[in-house]
Amino acid sequence: TVTNPNDRAVPVYWWSNAALPCAAGTRVLVPSRSAFEFTYSRRLHRVPVPGGPRDLTYPGAAARTADHFFELDPGRLPWIAAVDEAGAGLLQVSTGRLRGRKLFTWGTGPGGRRWQEFLTGSPDAYFEVQAGLARTQLEHLPLGPGASFTWTEAYGPMSVPAGAAHGGWADAVAAVESAIAAAGLDAMLA
């Protein structure tokens with residue numbers, strides 16, 4: 001819960017973040033068909049998910065540093081997952097208040113590799129999955145005097161069939177949603 005103790009509205013910004021190893025074949029799944037792509041050129045561009053000529057859901061294939069702010073499909077529980085070649089990985093799921101989901105990649109260029117090494121002290125690549133209050137990190141939400149924003153989020157291991165995770169987009173999303181339902185997370189967070 002974030003509460004505004006002031007007698008005036010204040011801007012609120014919140015993003016939860018998980019860094020994950022950028023192994024070959026890792027795929028990020030999210031209930032979305034489009035995203036706002038930000039490549040640090042001062043403009044957002046809407047792109048299809050999983051992507052046009054290149055599939056943006058495989059972070060290891062990202063050529064450059066980029067933020068992908070996913071437009072979540074309406075009526076679905078908000079979540080984002082990252083699974084390896086075998087379909088095992090991490091799931092982040094939340095109540096509807098955290099409506100933003102993001103994939104951040106450093107890219108394979110020398111600048112991105114150098115920043116990762118500087119920040120972690122390791123040559124191993126990573127990417128980030130995030131969840132936030134707003135659609136993108138370029139905006140905030142107003143929180144009125146004495147008002148609160150409350151949400152629940154959970155992180156945990158998950159596994160889906162590899163064929164579904166790395167197959168067609170609709171099948172991959174459905175496999176994760178089936179795993180969420182089987183674990184009872186959708187009922188707990190509804």
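Mentor: Let's start with a definition: a residue counts as exposed when its relative accessible area is over 50%, as buried when under 20%, and as partly exposed in between. Keep in mind that what you're looking at is a predicted model.

Trainee: Got it. Is R33 buried or exposed?

Mentor: The relative accessibility of R33 comes to 58%. The cut-off for the top class is over 50%, so R33 counts as exposed.

Trainee: R33 has a salt-bridge partner, D73. How far apart are their closest N and O atoms?

Mentor: A salt bridge needs a side-chain nitrogen of Lys or Arg within 4 Å of a carboxyl oxygen of Asp or Glu. D73 and R33 meet that rule, with their closest N and O atoms separated by 3.2 Å.

Trainee: And what does that pair tie together?

Mentor: R33 sits in strand β5 (residues 32–38), while D73 is in the loop between β7 (66–72) and β8 (79–83). The pair therefore ties together parts whose separation in sequence is 40 residues.

Trainee: Is D73 buried or exposed?

Mentor: D73 has a relative accessibility of 12%. The cut-off for the lowest class is under 20%, so D73 counts as buried.

Trainee: Which other residue does the side chain of D73 meet in a salt bridge at 2.7 Å?

Mentor: This partner is partly exposed, at a relative accessible area of 36%. The N to O distance to D73 is 2.7 Å, and the residue is R76.

Trainee: What about R135, which residue does it bridge to?

Mentor: R135 is itself partly exposed, with a relative accessible area of 33%. Its partner is partly exposed too, at 27%. The closest N and O atoms of this pair are 4.0 Å apart, and the partner of R135 is E139.

Trainee: Which residues are joined into one network by salt bridges that share partners?

Mentor: You've already met D73 bridging to R33 and to R76. One further residue, E177, belongs to the network as well. Put together, the members are R33, D73, R76 and E177.

Trainee: How many salt bridges does the count come to?

Mentor: The ones we've been through include D73 with R33 and R135 with E139. By the rule used here, the count is eight.

Trainee: Now the sheet. In what order do the six strands of the open sheet come?

Mentor: The pairing is antiparallel. From one strand to the next, the twist averages 25 degrees. β3 (15–21) and β6 are the edge strands, each pairing on one side only. Reading across, the order is β3-β11-β10-β7-β5-β6.

Trainee: At the β3 edge, how many bridges join β3 to β11?

Mentor: The two strands run antiparallel. One place to look is S16, whose bridge partner in β11 is A131. The number of bridges joining β3 to β11 is seven.

Trainee: At the other edge, which residue in β6 is the bridge partner of S34?

Mentor: β5 and strand β6 (residues 44–48) pair in the antiparallel sense over five bridges. In that pairing, the partner of S34 is P48.

Trainee: And which residue in the turn of the β5 and β6 hairpin has a positive phi?

Mentor: The hairpin leaves five residues between its strands. The phi angle in question is about 65 degrees, and the residue is Y40.

Trainee: On to empty space. Which element gives the most to the lining of the largest pocket?

Mentor: That pocket holds about 190 Å³ of space. It's lined by 17 residues, with G107, T108, R113, Q116 and A125 nearest its centre. The elements giving two or more residues are α1 (110–120) and β11 (126–132). With three residues, the one that gives the most is α1.

Trainee: How many nonpolar residues are in the lining of that largest pocket?

Mentor: The lining also has six polar and three charged residues. The nonpolar ones number eight.

Trainee: How many cavities of 30 Å³ or more does the search find?

Mentor: The largest cavity holds about 30 Å³ and is lined by residues including E37, R64 and A66. The second largest holds about 30 Å³, and R54, L56, A62, H68, L103 and T105 line it. Over the whole structure, the number of such cavities is two.

How values were computed. Residues are numbered from 1 along each chain as its sequence is written. This is a predicted model: local features need pLDDT of at least 70, side-chain atom pairs count only at pLDDT 80 or more; totals for chains, interfaces and linings use all residues. Side-chain values use heavy atoms; hydrogens and water are left out. On a 1 Å grid over the protein atoms alone, a cavity is a set of points where a 1.4 Å probe fits but cannot get out, and a pocket is an open set with protein on both sides within 12 Å along at least five of seven lines; lining residues have an atom within 4 Å of a point. Grid points are joined across faces, edges and corners, and a volume is the space filled by probe spheres set on the points. Helices (H or I, at least four residues) and strands (E, at least two) are DSSP runs, numbered from the N terminus. Buried means under 20% relative accessible area, exposed over 50%, partly exposed in between (1.4 Å probe, protein chains only). Two strands pair if DSSP finds at least two bridges between them. Ala, Val, Leu, Ile, Met, Phe, Trp, Tyr, Cys and Pro count as nonpolar, Asp, Glu, Lys and Arg as charged, and the others, Gly among them, as polar. Axes are lines fitted to C-alpha atoms, for helices over the stretch in contact, and angles run from 0 to 180 degrees between N-to-C directions.
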